Amino acid sequence: MARTVRVNTDTCISCGLCVSLAPEVFKLVDGKSFVYNPEGAPENKIQECIAGCPVSAIHWKEDDAP
Ligand code: SF4
């Protein structure tokens, strides 16, 4: 099932880890992580970012979920 990575910008503390791990997917915009290219890295790389985020601000959203 297709899924898309999302960032909760209210939770993000701007540590930059996800941007370092997957600069093809995330960039900092106004000091917060932003998903500018959800297809930019393989899922396992994005999963590393999800696991590594210190405040669990990154998550998957199933594409067919409401
Ligand atoms: S790893 Fe988490 S807290 Fe750090 S910049 Fe990315 S989303 Fe924000």
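Here is a short chat about a cavity, a surface patch and a loop residue in this predicted model.

Colleague: Glad to meet this structure! How much space lies in the largest cavity?
Modeller: The model is predicted, so local features need pLDDT of at least 70, side-chain atom pairs count only at pLDDT 80 or more, and totals for chains, interfaces and linings use all residues. Residues are numbered from 1 along each chain as its sequence is written, and side-chain values use heavy atoms, without hydrogens and water. A cavity is a set of points, on a 1 Å grid over the protein atoms alone, where a 1.4 Å probe fits but cannot get out. Its volume, the space filled by probe spheres set on points joined across faces, edges and corners, is about 100 Å³.

Colleague: Which helix gives the most to the lining of the largest cavity?
Modeller: Lining residues have an atom within 4 Å of a point, and the largest cavity has 17 of them. Helices are DSSP runs of H or I with at least four residues, numbered from the N terminus. With three residues, the one giving the most is α1 (residues 17-21).

Colleague: Is Ser56 buried or exposed?
Modeller: Ser56 sits in the loop between α2 and β4 (58-62), where strands are DSSP runs of E with at least two residues. Buried means under 20% relative accessible area, exposed over 50%, and partly exposed in between (1.4 Å probe, protein chains only). Because its relative accessible area is 59%, Ser56 is exposed.

Colleague: What is the phi of Ser56?
Modeller: Ser56 is a residue other than glycine, yet its phi is positive. The value is near 50 degrees.

Notes. 1 Å grid on protein atoms, 1.4 Å probe; cavity = no way out; pocket = protein on both sides within 12 Å on 5 of 7 lines; lining within 4 Å.
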